[in-house]
Amino acid sequence: MEFVQQMAMAMKDALGAPLAVLLLSLIPVAEARFAIPFGMSMGLSPLEAFGWAFLGSSLIAPVLLIVFIPIINALSKTKVFSKLGKFIYDKFEKKSRSLKVEQEQTPQGKHNLLTKSDLKKMGGVAAFVAVPLPLTGVWTGSAVASIVKIGFVKSLIGIIFGNAVACGIITLISFLFADYVDQITLAFFIIALSVIALIIIKFILYKPKTDETVEPIDDKSDGEVK
């Protein structure tokens with residue numbers, strides 16, 4: 001694919017392949033799913049592409065866990081960006097419903113560091129992020145984890161584990177079909193653009209239902225919300 005090769009060489013010359021992959025993996029929708037095969041198109045080995053993409057896509061997770069809810073609430077309270085804030089929250093809230101379970105009752109004076117409910121949510125977040133498709137990556141997984149409120153550290157563990165699995169799957173596919181890595185890169189690029197276009201259309205048609213806001217993650221006691 002001449003287009004992919006030209007784009008890969010241009011980014012490689014401008015930034016260097018490792019930095020280009022790391023930066024691409026930070027971008028929502030694309031993330032490591034696009035960065036890994038693109039890195040191989042730039043001449044990186046599968047292991048190198050995996051390492052830089054995993055590093056970049058993982059670095060953004062703690063930041064997102066901290067800022068997602070406050071930013072959404074701030075946007076929702078403004079006149080200009082109120083619709084955008086509510087649209088983003090509603091979209092991720094729907095994705096989080098499959099991870100919600102009943103909160104366990106802990107006897108007074110006793111605190112469980114890791115409950116069955118937490119484990120189920122952590123596993124759900126990890127499985128969600130592990131699916132190597134657009135809108136199931138670190139960005140969405142961090143938003144979902146923030147909404148289900150399992151705490152910062154527990155959320156981060158689930159996200160990092162799921163991201164490692166997703167990166168491994170994409171790397172394996174790119175390795176097994178190395179002769180078609182340019183086509184794989186182009187396919188992920190087209191899918192990402194299609195997803196972005198669909199999101200824009202949904203946003204235009206979206207009608208906010210409520211003025212509800214949500215509480216940010218409490219970092220005390222491993223981020224548990226009291």
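# A tour of a nine-helix model

Helix 1 and helix 9 are roughly perpendicular to each other. Start the tour there. Keep in mind that this is a predicted model.

**Stop 1: helix 1 and helix 9**

Select residues 2-15 for helix 1 and residues 181-205 for helix 9. Their axes come within 9 Å and cross at roughly 85°. That angle falls between 65 and 115 degrees, so the pair counts as roughly perpendicular. Now show the side chains where they touch. From helix 1, pick Phe3, Val4 and Gln5. From helix 9, pick Asp182, Thr185, Leu186 and Phe189. Colour them by character: four are nonpolar, two polar and one charged.

**Stop 2: the whole chain**

Zoom out and switch to a cartoon view. How many helices and how many strands does the protein have? The secondary structure comes to nine helices and zero strands. Read from the N terminus, the elements run α-α-α-α-α-α-α-α-α. The protein has 226 residues, and 44% of them count as buried. Take the contacts between residues at least 6 apart in sequence: 75% of these join residues at least 24 apart.

**Stop 3: helix 3 against helix 9**

Keep helix 9 selected and add helix 3, residues 31-41. The axes of helix 3 and helix 9 come within 9 Å and cross at roughly 150°. Angles over 145 degrees count as roughly antiparallel, and helix 3 and helix 9 are therefore roughly antiparallel to each other. Their crossing is left-handed. Which residues of the two helices meet? On helix 3, select Arg33, Phe34, Pro37, Phe38, Met40 and Ser41. On helix 9, select Val181, Asp182, Ile184, Thr185, Phe188 and Phe189. The residues of this contact divide into eight nonpolar, two polar and two charged. Asp182, Thr185 and Phe189 of helix 9 belong to this contact, and they also take part in the contact with helix 1.

**Stop 4: helix 2**

Next, select residues 17-25, which form helix 2. Highlight its buried residues: Ala17, Ala20, Val21, Leu22, Leu24 and Ser25. What do they pack against? Show helix 1, helix 3 and helix 4 (46-76) around them, as these are the partners of the buried residues of helix 2. As you look along a helix, recall one rule. An α-helix has 3.6 residues a turn, so residues three or four places apart point the same way.

**Stop 5: Ser58**

Move along to helix 4 and centre on Ser58. Is Ser58 buried or exposed? Its relative accessible area is 11%, under the 20% cut-off, so Ser58 is buried. Turn on polar contacts. The side chain of Ser58 reaches the backbone oxygen of Phe54 at 2.7 Å. A second polar contact, of 2.9 Å, joins the side chains of Ser58 and Asn163. Leave aside the neighbours within four places in sequence, and Ser58 is in contact with Ile160 and Asn163.

**Stop 6: Gly137**

Finish in a loop. Gly137 lies between helix 6 (116-130) and helix 7 (138-148). With a relative accessible area of 1%, Gly137 is buried. Select Pro28 as well, and draw a C-alpha to C-alpha distance. Gly137 and Pro28 are 109 residues apart in sequence and 8.2 Å apart in space. Which residues touch Gly137, apart from neighbours within four places in sequence? They are Glu31, Arg33 and Val129. Arg33 should look familiar: in helix 3, Arg33 is one of the residues that meet helix 9.

Methods:
Residues are numbered from 1 along each chain as its sequence is written. This is a predicted model: local features need pLDDT of at least 70, side-chain atom pairs count only at pLDDT 80 or more; totals for chains, interfaces and linings use all residues. Side-chain values use heavy atoms; hydrogens and water are left out. Buried means under 20% relative accessible area, exposed over 50%, partly exposed in between (1.4 Å probe, protein chains only). Helices (H or I, at least four residues) and strands (E, at least two) are DSSP runs, numbered from the N terminus. Contact means heavy atoms within 4.5 Å. A polar contact is a pair of N or O atoms within 3.5 Å; within protein, one must be able to donate a hydrogen and the other to accept it, and residues adjacent in sequence count only if both atoms are side-chain atoms. Axes are lines fitted to C-alpha atoms, for helices over the stretch in contact, and angles run from 0 to 180 degrees between N-to-C directions. Angles under 35 degrees count as roughly parallel, over 145 as roughly antiparallel, 65 to 115 as roughly perpendicular and the rest as oblique. A crossing is left-handed if the near helix is turned anticlockwise from the far one by less than a right angle, and right-handed if clockwise. Ala, Val, Leu, Ile, Met, Phe, Trp, Tyr, Cys and Pro count as nonpolar, Asp, Glu, Lys and Arg as charged, and the others, Gly among them, as polar.
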